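These are my notebook entries on one protein chain. I set down what I looked up and how each term was defined.

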Amino acid sequence: MASYSPVNTELSKLGSNPSEKKSNSKSLLPQNNAENKGVELKREMGLISAVALIVGGMIGSGIFISPKGVLERSGSVSICLLVWTGCGVLSLLGALCYAELGTIIPMSGGEYAYLLKTFGRMGHAGPVPAFLYIWTCVFLMKPAAFAIMCLTFAEYVVEPLYPNCDSPTVVKKLTACLCISLIAFINCYSVKLATRIQNIFTAVKLLAVVIIVIGGAVKMAEGNTQHLVPDFEHATTSFSNIATAFYFGLWAYEGWNYINYVTEELVNPYVNLPRAIIIAIPLVTLCYVFTNIAYLAAMSPAELLASDVVAVKFAARVLGPAAVIIPIFVAFSAYGAGNASCFTTGRLSFVAAREGHLVDVLSYIHIHKLTPMPALMFNAFLTICMVAVGNISSLIDFFSFAAWLFYGGTTLSVIVLRWTMKDIPRPYKVPIVIPVIVLIVSLYLVIAPILQNPAIEYLYASLFIFSGVIVYVPFVHYKIQLKIMDKVTYFLQLMFSVVPTHSYPE
């Protein structure tokens, strides 16, 4: 966690110790050295690729498996559709807050960078919120989410090969591991290739959604609207159930903040960051609401609740012999979401390591490909471990709990910076009422399930989050270094041709 760098004359010309680079206490921007040149990430992502990253990251397997959970927890079709819309509005408001943060702190790393730059200035305990976020995300939340996406991909690829029996679990896991390895390889090889693949799979996802929406429209034109009449009679009155219904919906919307992880690779971020958010999230919200309406036009709420994979049942009901295309599209959708997850999580580890909160080698990039190869490979390794263990379904129960705890803290950064850094230029400024609303809703989503219906998963999540303090104190605060990491870093530099990203003399 402390900074490590091999002392070796053969590699010293490639860069000095990143821990020697000090932050500017008077600025939220990362330091630049005008007199030196260095190896750094390139700005190659335009507006279309940014929109594709957000849409591709959000539309994964969630819209094809979450409708059951949202309907089950909300209790009625009307509340279900309101929850789906509310999740989209909340995601948009949160993303607009992040847009302001992303334009005044133009660093990759998303929540980590914003928590670090906002609270890191407040004494010795300042960096702790950022470290707890990186601890939770890198080692649990992001690998678990990536694993779920790749396991979903494997499910839809392997299942058709065993039409008359259950597909072997080991085959699914191996397929998921191959998927993870392929995604990691592509992201290590080329940023352009990774973003082009993301663009293509985003188009495929949208095509799948369009097919479902059109199929639902045909059913509605035939008069199948009996399940879409307003119904508040059976709606839940439990604050806890509403919050957990949002958990399921927000899992499908997960990815609304992906663009903030790659700000340093975005062309003209001051313009393209808010513009990509304003285009992508309303588009996804419309897709999700119309998709749920289509589901309910083709099947009753009881039938929807009885299906774990609602899109497949919808296809069998509406598309007939062509129903086979939906599992293929779902597999593509899950793959594309996995690619977006890998792309962004690698940058999260990269930025945290650059700040000394993870081992130094994770902040290195390939000298020719200019991709954060060590961070990408580390994320892939953790994800494969998640797949190997296999018992990751329980992680979904507290994923949103942990995520919105940090999303709320990050939104608080907008309010804090309005008071502590009043004069800093803000190329994009969100109305202050928006971060206040997002903060209040985040507190509700975190507290309501605990107060009304406490579950052991929330206790596990809290314990894991705050166990990061045990790691932070010796390895970050007191900078205890393990000498073996010098040899490991030197070996990885030689093996993978990676170098630090800070400046070095010509």
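**Entry 1: helix pairs.** I began with the definition of an axis: a line fitted to C-alpha atoms, for helices over the stretch in contact, with angles running from 0 to 180 degrees between N-to-C directions. Two packed helices are described by the angle between their axes and the distance between the axes. I also noted that helices (H or I, at least four residues) and strands (E, at least two) are DSSP runs, numbered from the N terminus. The model is predicted: local features need pLDDT of at least 70, side-chain atom pairs count only at pLDDT 80 or more, and totals for chains, interfaces and linings use all residues. Residues are numbered from 1 along each chain as its sequence is written, and side-chain values use heavy atoms, with hydrogens and water left out.

I looked up helix H7 (residues 169-189) and H8, and found that they pack at an angle of about 130°, with their axes 5 Å apart. H7 is therefore oblique to H8; angles under 35 degrees count as roughly parallel, over 145 as roughly antiparallel, 65 to 115 as roughly perpendicular and the rest as oblique. For contact I used heavy atoms within 4.5 Å. Ile186, Asn187 and Tyr189 of H7 make the contact with Leu193, Ala194 and Ile197 of H8. By class, I recorded 5 nonpolar, 1 polar and no charged residues in the contact of H7 with H8. Here Ala, Val, Leu, Ile, Met, Phe, Trp, Tyr, Cys and Pro count as nonpolar, Asp, Glu, Lys and Arg as charged, and the others, Gly among them, as polar.

I next took helix H8 (residues 191-221) with helix H12 (residues 310-318), whose axes come within 11 Å and cross at roughly 50°. H8 and H12 are therefore oblique to each other. Their crossing is left-handed, a term used if the near helix is turned anticlockwise from the far one by less than a right angle; if clockwise, the crossing is right-handed. Ile212, Gly215, Gly216 and Lys219 in H8 meet Phe314, Arg317 and Val318 in H12. This contact of H8 with H12 has 3 nonpolar, 2 polar and 2 charged residues.

The third pair was H6 and helix H17 (residues 456-466), which pack at an angle of about 115° with axes 8 Å apart. I listed Leu132, Trp135, Thr136, Phe139 and Leu140 in H6, which meet Phe464, Ile465 and Phe466 in H17. The residues of the contact of H6 with H17 divide into 7 nonpolar, 1 polar and no charged.

**Entry 2: the nonpolar core.** A nonpolar core is a set of buried Ala, Val, Leu, Ile, Met, Phe, Trp, Tyr and Cys residues joined through side-chain atoms within 4.5 Å. Buried means under 20% relative accessible area, exposed over 50%, and partly exposed in between (1.4 Å probe, protein chains only). Which residues of the largest nonpolar core touch the most other members? Of its 160 residues, I found these to be Trp84, Tyr112, Ile259, Ile277, Tyr288 and Trp404. Helix H6 (residues 128-158) gives the most to this core, with 21 residues. Leaving out residues up to four places away in sequence, Trp84 touches ten residues' worth of partners that include Ile63, Val70, Tyr253, Tyr288 and Asn292.**Entry 3: single residues.** I placed Val446 in helix H16 (residues 433-452). Val446 is buried, with a relative accessible area of 10%. Val446 touches Tyr247, Phe401, Trp404 and Leu405, residues up to four places away in sequence not being counted. Val446 and Ala403 are 43 residues apart in sequence, and their C-alpha atoms are 9.2 Å apart in space.

Phe119 lies in helix H5 (residues 111-119). Is Phe119 buried or exposed? Phe119 counts as buried, at 15% relative accessibility. Neighbours within four places in sequence aside, Phe119 is in contact with Gly126, Pro127, Pro129, Gly409, Leu412, Ser413 and Val416. The C-alpha atoms of Phe119 and Leu417 are separated by 9.5 Å, although the two residues are 298 apart along the chain.

I then looked up two loop residues. Leu370 is in the loop between strand E2 (365-366) and helix H14 (373-389). The phi of Leu370 is near 60°, a positive value in a residue other than glycine. Leu370 counts as buried at 18% relative accessibility. Lys479 is in the loop between helix H18 (468-477) and helix H19 (484-496), and its phi, near 55°, is a positive value in a residue other than glycine. Lys479 is exposed, with a relative accessible area of 58%.

**Entry 4: the whole chain.** I closed with the totals. The protein chain has 19 helices and 4 strands, and buried residues make up 57% of its 506 residues. Among contacts between residues at least 6 apart in sequence, 83% join residues at least 24 apart.
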